[in-house]
Every structure is written in C-alpha cells, then in structure tokens.
Amino acid sequence: VGTILVWEPPARFVLAWQLTPEWRFEPDVERATQVEVTFETEAEDATRVTLEHRGFESYGEPGDDMRQEVGGEGGWPVLMKLYAEAAAA
C-alpha cells in the first residue's frame with residue numbers, strides 16, 4: 001500500500017509506504033515511511049538495483065521494530081532475491 005512520490009524512469013522511484021508498524025493503512029503520506037528504488041547500469045547486461053526503506057523514526061520505538069522486521073528474514077532481502085531471480089529469467 002503506497003503512493004508514488006517520485007517517478008524518474010529509468011533511474012529511480014520513491015514511494016510512501018503507507019503501512020504502520022501494526023500493518024494498518026497510514027493515510028498521511030507525510031508520516032509514512034519511504035521506499036526508494038534506484039537502477040544503475042553496471043554493464044550491458046547488468047543493472048544494480050538498490051532499495052532503501054527509510055523514515056521509521058516517525059513511528060518511534062515501534063518504527064524501529066518495523067525496520068528490523070522488513071530488513072530481516074522474510075522482508076526486503078527475500079523480495080529482492082525473488083526480483084533478481086525473475087529479472088534473470
């Protein structure tokens with residue numbers, strides 16, 4: 001659940017991640033965390049994809065728990081691995 005804040009193809013996009021640490025919808029995009037994904041050509045057949053999820057401090061201590069959850073097993077690392085596998089296919 002999110003709102004695109006920046007759209008700059010093919011280089012990057014930024015979205016407001018509109019989920020609270022309790023996994024409920026956050027209607028205020030100013031309070032939501034942000035996910036930035038950048039794409040950088042490394043070779044003719046290789047692109048570096050970087051994902052940064054930031055702004056957890058807006059939720060205080062629960063935000064830190066959320067940061068650890070999305071950054072840990074079952075979070076962004078798994079999704080990025082699946083993305084890499086799909087892109088390679």
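**Fold, pairing and salt bridges of the predicted chain**

The chain holds two helices and four strands. Read from the N terminus, these elements follow the order β-β-β-β-α-α. The model is a predicted one, and its mean pLDDT is 95, with 100% of the residues scoring at least 70. Among the elements, strand β2 (residues 12-17) has the highest mean pLDDT, at 98, and α2 the lowest, at 93.

A few global values help to set the scene. The C-alpha trace spans about 40 × 30 × 20 Å along its principal axes. Of the 89 residues in the chain, 27% are buried. The accessible surface amounts to about 6,100 Å², and carbon and sulfur atoms account for 54% of that surface. When contacts between residues at least 6 apart in sequence are considered, 32% of them join residues at least 24 apart.

The strands can be taken pair by pair, beginning at the N terminus. Strand β1 (residues 2-8) runs antiparallel to β2, and six bridges make up the pairing. Within this pair, Val6 sits opposite Val14 of β2. The connection from β1 to β2 is a hairpin of three residues. Further along, strand β3 (residues 33-43) pairs with strand β4 (residues 46-54), again in the antiparallel sense, over nine bridges. Here Thr38 faces Thr50 in β4, and the hairpin that leads from β3 to β4 passes through two residues. As a general point for reading such pairs, side chains in a regular strand alternate between the two faces of the sheet.

Between the two hairpins lies the loop that connects β2 and β3, and Arg24 is placed in this loop. Arg24 counts as exposed because its relative accessibility is 54%, over the 50% cut-off. Apart from its neighbours within four places in sequence, Arg24 makes contact with Gln18 and Leu19. A view across the model is given by Arg24 and Ala88: they are 64 residues apart in sequence, and their C-alpha atoms are 33 Å apart in space.

Charged side chains provide the next theme. Side chains of opposite charge can pair when their charged atoms come close. In this model, the count of salt bridges comes to eight. One of them joins Glu8 and Arg12, whose closest N and O atoms are 2.8 Å apart. Both partners are partly exposed: Glu8 has a relative accessibility of 38%, and Arg12 has one of 24%. Another salt bridge links Arg54 to Glu52, with 3.1 Å between the closest N and O atoms. Arg54, at 26% relative accessibility, is partly exposed, and Glu52 falls in that class with 39%. These two bridges are part of a wider arrangement, since Glu8, Arg12, Glu36, Glu52 and Arg54 are linked in a network of salt bridges.

The helices add two further features. In helix α1 (residues 60-71), Arg67 and Asp64 are three residues apart, so about one helical turn separates them. Their side chains meet in a salt bridge with an N to O distance of 2.7 Å. Arg67 is partly exposed at 40% relative accessibility, and Asp64 is likewise partly exposed at 33%.

Helix α2 (residues 76-88) contains Leu79, a residue that belongs to a nonpolar patch on the surface. Val78 and Leu82 complete this patch, and the three residues together have about 250 Å² of accessible area. Leu79 is partly exposed because its relative accessible area of 45% lies between the 20% and 50% cut-offs. Helix α2 is also the element noted above for its mean pLDDT of 93, the lowest among the elements of the chain.

Taken together, the model presents two antiparallel strand pairs, β1 with β2 and β3 with β4. The pairs are accompanied by a salt-bridge network that includes Glu8 and Arg54, while α1 carries the bridge between Arg67 and Asp64 and α2 holds Leu79 of the nonpolar patch.

Conventions. Residues numbered from 1 in each chain as written. Predicted model: local features only at pLDDT ≥ 70, side-chain atom pairs only at ≥ 80, totals over all residues. Heavy atoms only, no water. Pairing = 2+ DSSP bridges. Patch = residues over 30% accessible without salt bridge, like charges linked within 9 Å, V, L, I, M, F, W, Y side chains within 5 Å. Areas by Shrake-Rupley, 256 points an atom, 1.4 Å probe, with all protein chains shown as cover. Salt bridge = Lys/Arg side-chain N within 4 Å of Asp/Glu carboxyl O. Buried < 20%, exposed > 50% of the residue type's maximum accessible area, 1.4 Å probe, protein only. Contact = heavy atoms within 4.5 Å. pLDDT = per-residue confidence, 0-100.
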